[in-house]
Amino acid sequence: MTQNISVGTGANATFTIDIPANATDLTVSITGSGDLDLYVKNAPINWPSEQGSHNTATFKAPYQSGSSESVTFPSPNAGTWHVLVNGYSAGSGTITASWTVTSSSSVLANGVSQNLNLSTGENAEYTIDIPANASDLTVATTGSGDLDLYVKNAPINWPSEQGSHNTATFKAPYQTGSNESVTFPAPNQGTWYVLVNAYQAGSGTITASWTSGGTPQWNYETLVEETPHNYGNNQTYEFIYQKAGAQQVGVHFATLNTEANYDFLYVYDENDNLVYTEDGNLISGGSGSAFGRTDGWVVVSGAKIRIRLVTDGSVTRYGYKTDQAAHYQ
Ligand SMILES: [Ca+2]
Ligand SMILES: [Ca+2]
Ligand SMILES: [Ca+2]
């Protein structure tokens, strides 16, 4: 913060600064005309008995000619700091105080509330470790003032991302007051980042909670892989679908049609074991008898499936076209 000062000869201007926990590099500076002297102390300053230069971890005063003076405390104590500007000779200019909060990204544990107490403009940052198969990640703040809650599945860029967000991986209500809450029904496994910004100073609590260890389930997605239609002679067509951590993976064929007895479709698992060999006009309209089932799906154990069509030197058919894939985890 910066503000104007104007101090007459022999007069004092005084300020206080509330330094939060985990602050670093508290710097207080004055610039201007005349000969103002800056005193900064982690306690009330006794005037005039402490007039003169000071240079300790809790009390600094350059006591130099002119009005350009600056002091820095690398690791300031939390609490109230006192600032006094003395008009050694009358002068006017500005005074600036700044510090950095390195609130060492504490981790929010499931269901455990932590206290918040932020000055205007200050941020508190946290991370959340979400396990596999978690659901309903909810992060909420309550309290006084106007705190703003940001939750993202990636580091939050501050201040460029200040404002409201509402995607599957980044939410910020950006509402008046400090009662804000966001929910992610199916949060990704891994590190989530939380930032609370004091739009206006406020205090209260923050809580993250989620349901862990859900039972595995099939998760579906669009996957279109296809050969030319018809395919060529003496060709190999291949694709792979894989999902890290999946217990099973599968691919759904809309159509599968090869020259029976000559052009073969091979299916391999994550260990490159050949699981199925098929040929003929097997699947159309998404169903047909193949791979030991009739619904157009081929499913293997593990996190990876490899599909490979090898054709011979004559007679071609439609080939294959998939429309979906799925993983079980
Ligand atoms: Ca001075
Ligand atoms: Ca708010
Ligand atoms: Ca053929």
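Select strand 14 and strand 18 (residues 190–200) in this predicted model. The two strands pair in the antiparallel sense, over 7 bridges. To find one point of this pairing, pick Leu147; its bridge partner in strand 18 is Ala198.

Next, keep strand 14 selected and add strand 16 (residues 170–172). Strand 14 pairs with strand 16 as well, in the antiparallel sense and over 2 bridges. Here the residue to pick is Val151, whose bridge partner in strand 16 is Lys171.

How many of the 7 residues of strand 14 are buried? In strand 14 (residues 146–152), 5 of the 7 are buried, so the strand is largely enclosed by the rest of the structure.

**The largest nonpolar core**

Now display the core of 25 residues, the largest nonpolar core. The residues with the most contacts inside this core are Ile128, Val139, Leu149, Tyr150, Val151, Val194 and Val196. Two or more residues come from each of strand 11 (114–118), strand 12 (123–130), strand 13 (135–143), strand 14, strand 17 (180–184), strand 18 and strand 19 (202–211). Which strand gives the most to this core? Strand 18 does, with 5 residues.

Centre the view on Leu149. Leaving out residues up to four places away in sequence, Leu149 touches Val139, Thr141, Ala172, Pro173, Glu180, Val182 and Val196. Apart from this core lies another, of 22 residues, which includes Ala246, Val251, Leu282 and Val300. In soluble globular proteins, nonpolar side chains tend to be buried together.

Remain with strand 13 for a moment and select Asp136, which has its place there. The phi of Asp136 is near 50 degrees, a positive value in a residue other than glycine. Asp136 has 14 other C-beta atoms within 10 Å and is therefore partly exposed.

**A second positive phi and two cis bonds**

Move to Tyr63, in the loop between strand 6 (59–61) and strand 7 (69–73). Tyr63 is not glycine, yet its phi is positive, near 55 degrees. With 16 other C-beta atoms within 10 Å, Tyr63 is partly exposed. Most residues other than glycine have a negative phi, and most peptide bonds are trans.

The peptide bonds to inspect next involve proline. Select Trp47 and Pro48: the peptide bond from the one to the other is cis, with omega near 5 degrees. Pro48 is found in the loop between strand 4 (35–41) and strand 5 (54–55). Is Pro48 buried or exposed? Pro48 is exposed, because the count of other C-beta atoms within 10 Å is 10, and a residue with 12 or fewer is classed as exposed. Add Asn86 to the selection; Pro48 and Asn86 are 38 residues apart in sequence and 9.8 Å apart in space, C-alpha to C-alpha.

Then go to Trp158 and Pro159, which are joined by a cis peptide bond with omega of about 10 degrees. Pro159 lies in the loop between strand 14 and strand 15 (165–166).

**Thr94 and its contacts**

Select Thr94, in strand 9 (residues 91–101). Thr94 counts as partly exposed, with 13 C-beta neighbours inside 10 Å. Which residues are in contact with Thr94, leaving aside its neighbours within four places in sequence? They are Thr2, Gln3, Asn4, Ile5, Thr31 and Gly32. Ser29 is 65 residues from Thr94 along the chain, while their C-alpha atoms are separated by 8.2 Å.

**An open sheet**

Turn now to the sheet whose 4 strands follow the order 21-27-23-24; this sheet is open and its pairing is antiparallel. Strand 21 (236–242) and strand 24 (274–278) are the edge strands, each pairing on one side only. Neighbouring strands of the sheet are turned by 15 degrees against each other on average, direction ignored. Select strand 23 (residues 264–268) and strand 27 (residues 304–310), which run antiparallel and are joined by 5 bridges. Leu265 has Leu309, in strand 27, as its bridge partner.

**The whole protein**

Finally, zoom out. The protein has 28 strands and 0 helices. Its radius of gyration is 33 Å, well over the 20 Å that the globule rule gives for 329 residues, so the protein is more spread out than a compact globule. Taken along the principal axes, the C-alpha atoms fill a box of roughly 105 × 40 × 30 Å. Of the 329 residues, 30% count as buried. Among contacts with a separation of 6 or more, 80% are accounted for by residues 24 or more positions apart.

Conventions: Residues numbered from 1 in each chain as written. Chains lettered and ligands numbered in written order. Predicted model: local features only at pLDDT ≥ 70, side-chain atom pairs only at ≥ 80, totals over all residues. Pairing = 2+ DSSP bridges. Axes fitted to C-alpha atoms, helices over the stretch in contact; angles between N-to-C directions. Buried ≥ 20, exposed ≤ 12 C-beta atoms within 10 Å, placed from the backbone. Rg over C-alpha atoms; globule rule 2.2 N^0.38 Å. Contact = placed C-beta atoms within 7 Å. Core = buried A, V, L, I, M, F, W, Y, C linked by C-beta atoms within 7 Å.
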